[in-house]
Amino acid sequence: MKKVGYWLSEKKRKKLNFDDFKEQCGLTNLDLVPIDLAKSLEEQGPFDVIIHKLTDVIAKADEGDIKSQNMVKNLQDYVESNPNVIVIDPLESVRKLLKRHISYKLVQDCSTAFHGLDPEVGTPNFVKIETTDRNEIIRLMNTAQVEFPIVCKSLQGHGSSLSHMMAIIFNEEGLKDVKPPCVAQTFVNHNAKLHKLFIIGEYHYIVERPSVKNFSAGDKTTIFFDSHDVSKANSSSFLNELDESDLEDLEEVPPCTNTFSEIVHSVRSRLGMDLFGIDVVIENDTRKHAVIDINAFPGYDGVPMFFQVLLAHIHKLLGDANKSQEIMNEVTKTIDFIKSAETSRIAEKEKGNNGISFHRDCESAEIHGHDASADPECKKSRQEETIRRGNQEETIRFGDQRCGTVDVQCAMMNTNSDAIEIKNSTSVKNGDDGRI
């Protein structure tokens, strides 16, 4: 039996109900056990896999907390002595998400991979601020092309009670409210709609949440808020209620699931992590898909069958691809998880199905009479493709979260003369949220 160790805060463990996960692990010959990072791991192992959320501990260690430093050292020592142990996720990768300006730079560094995508992908212009001098802040903003209104966020993305406290500043006068060190980011109007991409290895799941309403620069007072309060499922706040003028001119900006898949692949490739979340908004005017935050090991609220997908991923990492696929076959009977765009491309290439490729935009070829080119924003496509070639069958799903249901969206494929059979997908209700 393979041994899987885990360290989570008590709050996180109860929220995720890891006792239930232990039972599921046991059914697939995995022994899930808690780790005491205050002690040597050599005495508690050997471990085949270690799962953790140590963001807060790492942050405290970096600030000089002795207890936290010892906890991090115990894990690092064990990994160095046991190089074959699988760590979800590597500490050096997690550190990239502790400071927001570093994670934003990571998205910027994906620009080559994002080049040519339609709609465009990027992160709003941002600048790191470590001063309260207004003239210097204005200079920094001008250099980085950061424009009002701006949203100011704590530099610390994890490990601080201030991580979710934010401020929207509308003018130069409001810069007196800047509390360094922080990141100032151009605020993007997105009709109060946030798309959360929850990643579990090569799969991800999309959940739609409320977000901050549209704003413009001007003579307004700074607005302070907690992002948790605004973006929880079913949140009701003046900040996420669109103004009447916006409702009159409201034009739905549907997301392109293929673009989401490309975002996940590119960020995951650079980040080197398996459990994380990406927050994306869609700019009203340009329809640009903007990454506004990346979170390590989020709460996965609203993600059905999270444990099963995590279990499948662990088995794949341990080399048991058959068990992993067996689990995912059961999951995808009712739930639409999306595979990484690159993973799907590689799978098709390995099978020799070179007649199929994923578009890098939101237009697609005609599939059995559906002219998706007349529907470039993927509004109408809600389908699941089963590709049959001789005795082989490959099912590829594309998901979208809307109004509490999951719909398969945006089948983007080039096809040759091989037949493609279209089957209907299943909608599944999602649950509540509250990221830990």
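The largest cavity of this predicted model encloses about 500 Å³ of space. It belongs to a set of 5 cavities of 30 Å³ or more. The lining of the largest cavity comprises 34 residues, and those nearest its centre are M166, S227, D279, I292 and D293. By residue class, this lining consists of 13 nonpolar, 12 polar and 9 charged residues. Several elements of secondary structure each provide at least two of the lining residues. The helices in this group are α6 (100-108) and α9 (227-231), while the strands are β7 (150-154), β9 (182-186), β10 (193-200), β13 (275-282) and β14 (289-296).

The loop that joins β14 to α12 (306-317) contains P298. Strand β14 is also one of the elements that supply at least two residues to the lining of the largest cavity. P298 has a relative accessible area of 1%; because this value is under the 20% limit, the residue is classed as buried. Along the chain, P298 and F276 are 22 residues apart, yet a distance of 6.0 Å separates their C-alpha atoms.

An open sheet of 4 strands is also present, with the order β2-β1-β3-β4 and parallel pairing. The edge positions are occupied by β2 (30-34) and β4 (86-88); each of these strands has a single partner, so one of its sides has no neighbour within the sheet. On average, and with direction ignored, neighbouring strands of this sheet are turned by 20° against each other. Strands of a sheet pair through backbone hydrogen bonds, in either a parallel or an antiparallel arrangement. Within the sheet described here, β1 (residues 2-7) pairs with β2 in the parallel sense over 5 bridges. G5 has V33 of β2 as its bridge partner. Helix α2 (residues 18-27) lies across β1, β2 and β3 (49-52), and the angle at which the helix runs to β2 is about 155°.

At the level of the whole chain, the secondary structure amounts to 14 helices and 20 strands. The chain has 436 residues, of which 56% are buried; P298, described above, is a buried residue. Contacts were also considered by sequence separation. Of those between residues at least 6 apart in sequence, 72% connect residues at least 24 apart.

Conventions. Residues numbered from 1 in each chain as written. Predicted model: local features only at pLDDT ≥ 70, side-chain atom pairs only at ≥ 80, totals over all residues. Heavy atoms only, no water. 1 Å grid on protein atoms, 1.4 Å probe; cavity = no way out; pocket = protein on both sides within 12 Å on 5 of 7 lines; lining within 4 Å. Points joined across faces, edges and corners; volume = space filled by probe spheres on them. Nonpolar A, V, L, I, M, F, W, Y, C, P; charged D, E, K, R; others polar. Pairing = 2+ DSSP bridges. Axes fitted to C-alpha atoms, helices over the stretch in contact; angles between N-to-C directions. Contact = heavy atoms within 4.5 Å. Buried < 20%, exposed > 50% of the residue type's maximum accessible area, 1.4 Å probe, protein only.
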